[in-house]
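Please open the model in the viewer and keep the sequence panel visible. The tour below proceeds by selection, one stop after another.

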Amino acid sequence: GFDPAQPFEILVFFHGHGGEIERTIVRDLDLPSQIDESRRNMVLVAPQLALEAPDSSPGKLGLADGLKNLLDEAAPLLAQRSGGSEEAFKTAPLILSAFSGGYRAVAFSLARGGVGERIAGVLLLDAVYGDVKLFADWILSRWHDGFFVSLGGPSTAKWQDELHQILAARQRRPRGWV
């Protein structure tokens, strides 16, 4: 149901440890179907991070303008496949999401990905295992016009608490904070 002529967003999803794109994104999580069922006009971009490895390294996404470079490289292909304009894919709002070990790619993309003004929100799924200062910096700079959702369990509790402490120390309580 994607319509490139209508406003759209790009969901950039970073998988966790041991991930392989086809298996993780399509078979295990079935993200394409979930996006279709949501009826949102959205494109999914899911780069392969460390292949089937227990590694949270963001690779080239850790470099300055890393996410911008990735999306600029993907824009012509996305435009060709969808019939949309390359410029629309280079300017569309972004939602960054990660599962587990994909947290570091999100953190570095927030801090130095070169697309800061385009990021509409962040969704972390059991994915705060460090880099909490980078997350806090983004939350505090965008709390008025972006969203940040972090769902976690016992394995991420230590870092979730650290994030809460940083935000409390800076005397900010973002809208909707629970």
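Select Arg-142, which is buried, with a relative accessible area of 13%; buried means under 20% relative accessible area, exposed over 50%, and partly exposed in between, with a 1.4 Å probe and protein chains only. This is a predicted model, in which local features need pLDDT of at least 70 and side-chain atom pairs count only at pLDDT 80 or more, while totals for chains, interfaces and linings use all residues. Residues are numbered from 1 along each chain as its sequence is written, and side-chain values use heavy atoms, with hydrogens and water left out.

Arg-142 belongs to helix α6 (residues 132–142); helices (H or I, at least four residues) and strands (E, at least two) are DSSP runs, numbered from the N terminus. Next, display the backbone oxygen of Gly-116: a polar atom of the Arg-142 side chain lies 2.9 Å from it. Setting aside residues up to four places away in sequence, Arg-142 touches Gly-116, Glu-117, Ile-119 and Ala-120, where contact means heavy atoms within 4.5 Å.

Now turn to the largest nonpolar core, which has 41 residues. Such a core is a set of buried Ala, Val, Leu, Ile, Met, Phe, Trp, Tyr and Cys residues joined through side-chain atoms within 4.5 Å. Select Ile-10, Phe-14, Leu-67, Leu-94, Val-106, Leu-124 and Phe-135, the members that touch the most other members. Among the elements that each supply at least two residues of this core are β1 (9–14), β3 (94–99) and α6. Then select Ile-10 alone: its contacts beyond four places in sequence include Val-43, Val-45, Phe-89 and Arg-118.

How many aromatic pairs does the structure hold? There are six; rings of Phe, Tyr and Trp (its six-membered ring) pair if their centres lie within 6.5 Å, and planes under 30 degrees apart count as stacked, over 60 as edge-to-face and the rest as tilted. Select Phe-8 and Phe-89: their ring centres are 4.9 Å apart and their planes stand at 45°, so the pair is tilted. Phe-8 sits in the segment before β1 and Phe-89 in helix α4, 81 residues apart. Phe-8 is buried at 8% relative accessible area, and Phe-89 is buried at 1%. Add Phe-2 to the selection, since ring pairs link Phe-2, Phe-8 and Phe-89 into a cluster.

Finally, select Ser-85, in the loop between α3 and α4 (86–91). Ser-85 is partly exposed, with a relative accessible area of 38%. Add Ala-53: the two residues are 32 residues apart in sequence and 36 Å apart in space, C-alpha to C-alpha.

Conventions: Polar contact = N/O pair within 3.5 Å; in protein donor to acceptor, adjacent residues only side chain to side chain.
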